[in-house]
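Trainee: I am new to this structure. Could you walk me through the terms and show how each one is earned?

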Amino acid sequence: MKRIVPIGPYHPLQEEPEFFKLIVEGEKVVDLEINIGYNHRGHEFIAQKMTYDQVPFLVERICGICSDSHPYAYVMAVEDAAHIEAPPRAQYIRTIIGELERIHSHYLWVGLAGHFIGYNTVWMWVWRYREPLLDIFELIMGNRNHYAINKIGGARRDILPEHYGTIEKYLDLVEKKTTMFTKAVLDDPVIRARLENVGILTKEDAIGFGVLGPTARGSGYAIDVRKDDPYDAYDKVDWDMIVFDEGDILAKAKVRLLECYESIKIVRQCLRDMPDGPIETRVDEIPPGEGIGRHEAPRGEVFHYVRSDGSNMPARHKIRAPSFMNIPSNVVAVRGYSIADAALVLAAVDPCYCCTERTVVLENGKKKLTGHDLLRLSRQKTEAIRRRYRR
Amino acid sequence: MSVVRVLFSYLIFPGFVFTAVIGLFLTWIDRKVTARIHWRVGPPWYQPYADFLKLLLKETIIPEGSSKILFLLGPVLGLVAMTILAVMLFSMNMNPSGTFVGDLIVIVYLLALPPLGLMIGGSASKNPLASVGVSREMTQYFAYELPFLIAIATIILKAGGSIRFGDIILAQQANGPFLYSISGVIGAIVILLSTQAKLGFVPFDIPEAEQEIMAGVYIEYSGVALAMYRVVRGMMLFILPLFLISVLWGGFGDWWAILKFLLIVVLIILIKNTNPRIRIDQSLRFFWLGIGVLSIIGLVLAVYGL
């Protein structure tokens, strides 16, 4: 007998509203339906109503976790359109922040993965060591999140030489702790039992769905913008791409944990080699034309396209976030596993739904309720209750 | 006069009120120790009582179209069973040679009532997630009950074949606790892990996995019914370690029992915090093939007097 187990739109598993219909027979998942569209905010359209310099602050707020990735890709797209290049020091600064963000994002995922398999100790411990990094962000840029470091033609803030030591000290700490977590994950037989051979995404499926980032690299599909199309300081530093062939959740976890080491390596080299000089070039106007920017966000390649018509606002701004490519692959990854595994498989791609939202969805000809609608309904219900009790 | 005494022993001490108060306090210890392991601060000591009071004041919502009686029977069954069990354990330990009729078989049945109540209440709540939870609860129950019963058989064997609870305590008072032998240690491991599963703690909180099926069997419960479940969980956290001490660690006639008790509770909390939740099929395999075989080894060793 087929039954539907709903995950979402509001579910303790998820931090954001989205809806998975798990079609199950007993405990086994036979199919999955993905419904998004609860949180559409129309960023691309808003961006076209803003000046070029305002847009980075907007796209920064697409995602709270990879909040450096979107502005990074956006400024590269505009720089591509305007044929300008950021000064070397700015390139290094951007690279450092991009990599530090990767560490904090991967730590966030490891913690959440621990939470999803009911291992709250891992969650709390990992996030404890993520916390100092957010303090470092605050030290450098004044914000724990939404750093506002990217600017067309450079970086908005400098990393002061007196902060190098703080960053290096944190890198030492995070290197030690990453070793600890990697060992804890790989040596614990119970964790292995939960992660190994679960949610396998084969290489063919990975290529077929066009998945990106750690999801692809965990399936043996070696794709990484930092290597394939190096930008900023990525071709000036030495690092390795982490690829595993198994395609299960354990492989994805290993990719993320080991990538933290690579990020540490990159940041160390950047801090060592960072040249002196200006951190921004003067940009007067954006000539008509178009440009693309690609950045390897923690979840995969984030792509921004900007077309300019010579005015001070982008004529067209197109965003493609990595989760948009990764989430559909859940359909094949989750099939045949149990409900218990499904919770983990859905989270294994490190989904970011606010990046993914594209549309307002119609179902059977009716508009599906969005987050706003649900909020309105809940307020109406509260009002009704209040009225009832006032009498 | 004796009616008053019986009522007192069931309702106040060592029955419902005493067990519930201590049980809720133990849930605070659980939360506090867990929080310290997590590098968190944790709640103040009165938090479980405040939660309990708050839940009592809330509306109890019964899902539309579900059987009211069966839905509310779930928590009541567990509460009644735990109250009776508390009275039995205490009277047996205070006066092992007394004539109170109570044997291990009754205790095993009473211990089976809370999961039974959960299954009844969960299936009455007409929720797909609850029904998944019920099926998991059922599987889990059959998984841990088999090694648990074999461990009980080991204890009966060591007590010289008597199933009377008092005799088991007397035998331990005469010849030292059963725990100080190989089969006793094996029995303790088996009962401890079964306790973990009975309590619904990680790694065996599969029937209520919040991240997978949103509290599963408890999903439709609210208000007083949920408060009762909370109390039952607390009482179980009090009674199950007591049961372990009584049958294997020489009863709790002396003050050392408090230390033993706290040790077992902290052990349970540590197991809870150093393991991820396993899948239901893994749990079944673990209890039948791993712990089941271990308990049979313990039984065989007990036959040879080890």
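Mentor: Start where the chains meet. The contact takes 25 residues from chain B and 24 residues from chain A. This is a predicted model: local features need pLDDT of at least 70, side-chain atom pairs count only at pLDDT 80 or more, and totals for chains, interfaces and linings use all residues. Residues are numbered from 1 along each chain as its sequence is written, while chains are lettered from A and ligands numbered from 1 in the order in which they are written.

Trainee: What makes two residues a contact?

Mentor: Their C-beta atoms, placed from the backbone, lie within 7 Å.

Trainee: Which helices of chain B each supply at least two residues of the side that touches chain A?

Mentor: They are α6 (128-158), α9 (210-213) and α12 (280-303) of chain B. α9(B) gives the most, with 4 residues. Helices here are DSSP runs of H or I with at least four residues, strands are runs of E with at least two, and both are numbered from the N terminus.

Trainee: How does that side of chain B divide by class?

Mentor: It has 13 nonpolar, 6 polar and 6 charged residues. Ala, Val, Leu, Ile, Met, Phe, Trp, Tyr, Cys and Pro count as nonpolar; Asp, Glu, Lys and Arg count as charged; the others, Gly among them, are polar.

Trainee: Now chain A. How many helices and strands are there in chain A?

Mentor: Chain A has 16 helices and 10 strands.

Trainee: Why is chain A called as compact as a globular protein of that length?

Mentor: Its radius of gyration is 22 Å, and the globule rule gives 21 Å for 391 residues. The two are close, so the description holds. The radius is taken over C-alpha atoms, and the rule is 2.2 Å times the number of residues to the power 0.38.

Trainee: Why is Asp350(A) called buried?

Mentor: Buried needs 20 or more other C-beta atoms within 10 Å of the residue's own; exposed means 12 or fewer, and partly exposed lies in between, with C-beta atoms placed from the backbone. Asp350(A) has 26 such neighbours, so it counts as buried. Asp350(A) sits in the loop between α14 (339-348) and α15 (353-356) of chain A. Its phi is near 55°, a positive value in a residue other than glycine.

Trainee: Is Trp39(B) buried or exposed?

Mentor: Trp39(B) has 12 other C-beta atoms within 10 Å, so it is exposed. Trp39(B) lies in the loop between α2 (16-37) and α3 (47-57) of chain B.
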